[in-house]
Structure formats: structure tokens, C-alpha cells
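Colleague: I have a chain to go through before our meeting. Could you put it on screen so that we can discuss it?

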Amino acid sequence: VGNETILLTKWQSIEYTTSQNLDRRAYALMNAITVCPGAISAWRKSAVVEAGGYLPDTLAEDTDLTWRVRLQGWQIETESNAIAFTEAPDSMRAFFRQRFRWAYGTLQCLWKHKKALCHEGFFGWLALPSLWMFQVVFQALVPLIDIQVLYSLWGYLSAWSQRNTLMKDYQPLSAARESLMLVLVLYAVFLGVEMMAAVVAYRLERRSPKAVVWLFLQRFVYRQIMYAVVYKSFVT
């Protein structure tokens, strides 16, 4: 991200390093890259022509073209030493519009190429199911986790506030505390795994992992925006 000047663009820079770049490295090993990024890609003309060129039937034309080239039997590689600077959205409104275009475009591509699911090697057996699972299904269900956290917190605070007024044979505070601790421990474990993966991603990019400290706060903004993005994509 070339415009790391505010917190929102810093968060996007973290995402590029810890998610997109890391995923692309892994998918490249299996010839299952899911998108050749618009900021820096090189295409063999004959491959693009054979695949039919850019088509206007999705909002993610780069993803669609990548998949069609792959389904024509071409090998897609990644070059991790190549560097390009992209201008990331620097307002919440622009960020939401970009992510809606990405999410809706990906959903269009998944539906358009649904026949490739569980075919075409790792691309159909791993990459496409992963997109369905982690960018569609999980994104739609993850709000339930946040609701569970809030419910456990509300239950604990409610039990704590009534601890001196309830009868001795009915004291829910202990059970509420255990429920809240279980939820917080699970949340901390998942966050810890995510932080460790982020450090690995930064090391692979030969960048200082100091920015990873912002990952905790990022989770309280990105996830909520993606809920709205995914649900709007479903409705659209």
C-alpha cells in the first residue's frame, strides 16, 4: 500500500501482507492462484486471447480472467520479489464500496464457474472450496460469534449486579464467569494463531513485523464491515 498515511490504509497494508500475499504464495505451489492482482500482473497475450479476454459479466474481471486462463490449462505463477504500490481507499465509504465490489464479484465468479468445483486439481478441490467457505459461508456466520461474546458478557454483568440480591441457593455468577472465560480464551487462542501467522507473513516479505500490533484493533473494524459487505452481496 503506497499511501500508508492513516490508520485505515495501515490496516489494509497489514491485510495485503498477512492475507493476500501469503495466500498467493501458498496457492502458487499448487497452480491454484485465485486472482492476478490488477496492481502488478503480467499476462501472456496468447493465454488471454485463448481465454476470451476481459468479460463484463462480473465485477471482478481480473479474478474471472485468472480463473478462465487457469481452466484453459495455463500455469499461473507468483513472483514474491516483484513490488508495486497501490493506492488503497482512505475513507470508510470508499473502502466499503471497494470491498463490496470484491465480495460481490467473487460471489459472481464462484457461481459462474461452479462447474469447476471439485475438478481441475487443487484449483477446484482446494482454492474454490476455500473461497466458498472462508469468504462466503464463514463471513455470513461469524456475527454469531460476536453475539455469543456479547451475550456472555451481558450474562456475567447481569449476574454480578444481582449477586447480593439473589437467594443463596441461586447464584448464577459462577456459571456466568465460566462461560465468559471460555469465550474469551477461545477468542484469545484464535487471535494468537492469527498474530503468529501474521509474523510469519511479514518475515517472508522481509518486512518488520512491528505493524502486527495493529492487528488486534483491525479485527474490531474489518470484520464488522465485511459482515455488511457480505450480506449486501447476498441481497444484491
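Colleague: Among contacts between residues at least 6 apart in sequence, what percentage join residues at least 24 apart?
Modeller: In this predicted model, the figure is 71%.

Colleague: And which secondary structure does the chain have?
Modeller: The chain has eight helices and zero strands. Read from the N terminus, the order is therefore simply α-α-α-α-α-α-α-α.

Colleague: What are the dimensions of the box that the C-alpha atoms fill?
Modeller: Along the principal axes, the box is roughly 80 × 40 × 35 Å. Of the 236 residues in the chain, 37% are buried.

Colleague: Turning to the surface, which residues make the nonpolar patch?
Modeller: Met133, Phe134, Val137, Phe138, Leu141, Leu144 and Ile147 form the patch, which covers about 650 Å². Helix 5 (121–141) and helix 6 (143–161) each give two or more of these residues. Helix 5 gives the most, with five.

Colleague: Leu141 is on that list. Why does Leu141 count as partly exposed?
Modeller: Leu141, which lies in helix 5, counts as partly exposed because its relative accessibility is 46%, and that class runs between 20% and 50%.

Colleague: Back to packing. How do the axes of helix 4 and helix 5 cross?
Modeller: The axes of helix 4 (residues 92–112) and helix 5 come within 11 Å and cross at roughly 140°. The crossing is left-handed. On the helix 4 side, the contact is made by Thr106, Leu107, Leu110 and Trp111. Helix 5 contributes Leu128, Leu131, Trp132, Gln135 and Val136 to the contact.

Note on methods
Residues numbered from 1 in each chain as written. Predicted model: local features only at pLDDT ≥ 70, side-chain atom pairs only at ≥ 80, totals over all residues. Heavy atoms only, no water. Patch = residues over 30% accessible without salt bridge, like charges linked within 9 Å, V, L, I, M, F, W, Y side chains within 5 Å. Areas by Shrake-Rupley, 256 points an atom, 1.4 Å probe, with all protein chains shown as cover. Salt bridge = Lys/Arg side-chain N within 4 Å of Asp/Glu carboxyl O. Helix = DSSP H or I, 4+ residues; strand = E, 2+ residues; numbered from the N terminus. Buried < 20%, exposed > 50% of the residue type's maximum accessible area, 1.4 Å probe, protein only. Axes fitted to C-alpha atoms, helices over the stretch in contact; angles between N-to-C directions. Left-handed = near helix turned anticlockwise from the far one by under 90°. Contact = heavy atoms within 4.5 Å.
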